[in-house]
Amino acid sequence: TRLSRGLPEPADDIGRIAIAQCQSAPEILYALYCQDRIGEGWIWGMYGLYRSSDGGNSWQLQNNRTNILGWGTDGYDTGGQGGYALVLQVSPSNPDFLVAGSVNLWKSNDAGQSWRGASFNGSRTLVHPDFHEMAWLPGSSSVLFACHDGGLHRSDNLTESWTDLSNGLGIHQVYRIGVDR
């Protein structure tokens, strides 16, 4: 069954979609849509954030103004990396608390209506960019792990501060290789 009531119709300018569900209120779902402007390079900015309060039967647009998938920290740039890195988590205990992003992480206390930095403070970066996965510590609503191009970070206080857990991990991210005879 295709969910459609309130969600955008399939189109060429829609890219990846991240979906998250609140553990304590499973009827609350979020869908974060990324733009895909074909032929224009890395134009994978925010298309829209949608919320369902009835298990996915109907959806409401929460925000399509703040580009939480872009490179900037003010939310007003265009483009971004949603086609490369796209994450969305809802707090296990608070259906209105979200953490989402791509290049940077953003957080919302009001179901995505407004956003502020979660991996940055103003222009100061707190965590390496390009987020690929997040997970809450089982049984916790305040401890969040974030995986990114630079490794792994942990926040024990709803993203107010971060601890780098990457030291000593045997991990690499290889993008290209060249061979010369």
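**A colleague's note on an all-strand chain**

1. Let me start with the interior: of the 181 residues in the chain, 46% are buried. Please keep in mind as you read that this is a predicted model.

2. On secondary structure, the chain has 16 strands and 0 helices. Its radius of gyration is 17 Å, close to the 16 Å that the globule rule gives for 181 residues, so the chain is as compact as a globular protein of that length. Along the principal axes, the C-alpha atoms fill a box of roughly 55 × 40 × 35 Å.

3. A word on contacts: among those with a separation of 6 or more, 44% join residues 24 or more positions apart.

4. Turning to the surface, about 9600 Å² of the chain is exposed, and carbon and sulfur atoms supply 48% of that area. As for charge, there are 18 negative and 12 positive side chains, yet the centres of the two sets lie 1 Å apart.

5. You may like to look at Ala111, which sits in the loop between strand E9 (105-108) and strand E10 (116-117). Ala111 is not a glycine, but its phi is positive, near 60 degrees. With a relative accessibility of 5%, Ala111 counts as buried, because the cut-off for that class is under 20%.

6. Thr159 is also worth a look, in the loop between strand E15 (151-155) and strand E16 (163-164). Thr159 has a positive phi of about 75 degrees, again without being a glycine. Its relative accessible area is 2%, so Thr159 is buried.

Terms used. Residues numbered from 1 in each chain as written. Predicted model: local features only at pLDDT ≥ 70, side-chain atom pairs only at ≥ 80, totals over all residues. Heavy atoms only, no water. Helix = DSSP H or I, 4+ residues; strand = E, 2+ residues; numbered from the N terminus. Rg over C-alpha atoms; globule rule 2.2 N^0.38 Å. Buried < 20%, exposed > 50% of the residue type's maximum accessible area, 1.4 Å probe, protein only. Contact = heavy atoms within 4.5 Å. Areas by Shrake-Rupley, 256 points an atom, 1.4 Å probe, with all protein chains shown as cover. Lys, Arg positive; Asp, Glu negative; His and termini not counted. Charge placed at Lys NZ, Arg CZ, Asp CG, Glu CD.
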